[in-house]
Structure formats: C-alpha cells, structure tokens
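Trainee: I am new to this structure and would like a close look at a single part of it. Could you pick one helix and walk me through it?

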Amino acid sequence: MKKRHQQKLVIVSMVLLIGLNMPIVLLFDSANNLFGFPVVYIYFFSIWLFSILLSMLIVKRYDE
C-alpha cells in the first residue's frame, strides 16, 4: 500500500476519533428515540459503520 493510501486511513482514524469525542457525543445525547432506539446509539453505530465502510473502500480500491 502506498504512503498516500495510508494517509487516507490515518485521516479516517482522526475523523473517527473526533466523531467519538465526548463533546460531540453529548450533542446527540437526548431522551428522544428514533425507530425505538436512543439517538446516541444510532449516532455511535452509524459513525462506526461509516468508518468501516470507508476503510474497506480505501483498502480494496487501492490494494496494490
């Protein structure tokens, strides 16, 4: 894997680190439910799923 593709994965990790930081998570911490689930759970799992899919896309697309 080339250096620039590794840098893309580092950027994804940094965005994930910022996205799961406590002040950002507290923005979604409320008593509201979406489809019967708390909003903070949907936020956590959507950020997690997004990071997995984006990492998979980078690795599969640029695997050389």
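Mentor: Gladly; let us start with the whole and then turn to helix α3.

Please keep in mind that this is a predicted model. The protein has three helices and two strands, and from the N terminus on they come in the order α-α-β-β-α. Its radius of gyration is 15 Å, well over the 11 Å that the globule rule gives for 64 residues, so the protein is more spread out than a compact globule. Along the principal axes, the C-alpha atoms fill a box of roughly 45 × 25 × 5 Å. Of the 64 residues, 12% count as buried. The accessible surface comes to about 5,300 Å², and carbon and sulfur atoms account for 71% of that surface.

Now to our helix. Helix α3 covers residues 39-61. You can check its length with a little arithmetic: at 1.5 Å a residue, its 23 residues should span 33 Å, and the end C-alpha atoms are 32 Å apart, which agrees.

Which residues of α3 are buried? They are V40, Y43, S51 and I58. The buried residues of this helix pack against α1, α2 (22-27) and β2 (37-38).

S51 makes a good example. With a relative accessible area of 8%, S51 is buried, because the cut-off for that word is under 20%. Leaving aside neighbours within four places in sequence, S51 is in contact with V12 and L16.

F45 gives you the other side of the picture. F45 also sits in helix α3, but at 52% relative accessibility this residue counts as exposed, since exposed means over 50%. F45 and R4 are 41 residues apart in sequence, and their C-alpha atoms lie 28 Å apart in space.

It helps to look across to helix α1 as well, which spans residues 3-19 and holds I11. I11 counts as exposed, at 54% relative accessibility. From I11 to V40 is 29 residues in sequence and 23 Å in space, C-alpha to C-alpha. V40, you may recall, is among the buried residues of α3.

One last view takes in the whole protein again. Among contacts with a separation of 6 or more, 56% join residues 24 or more positions apart. As you turn the model, try finding S51 with V12 and L16, its contacts beyond four places in sequence, and then F45, which is exposed.

Key
Residues numbered from 1 in each chain as written. Predicted model: local features only at pLDDT ≥ 70, side-chain atom pairs only at ≥ 80, totals over all residues. Heavy atoms only, no water. Helix = DSSP H or I, 4+ residues; strand = E, 2+ residues; numbered from the N terminus. Buried < 20%, exposed > 50% of the residue type's maximum accessible area, 1.4 Å probe, protein only. Contact = heavy atoms within 4.5 Å. Expected span 1.5 Å × (residues − 1). Rg over C-alpha atoms; globule rule 2.2 N^0.38 Å. Areas by Shrake-Rupley, 256 points an atom, 1.4 Å probe, with all protein chains shown as cover.
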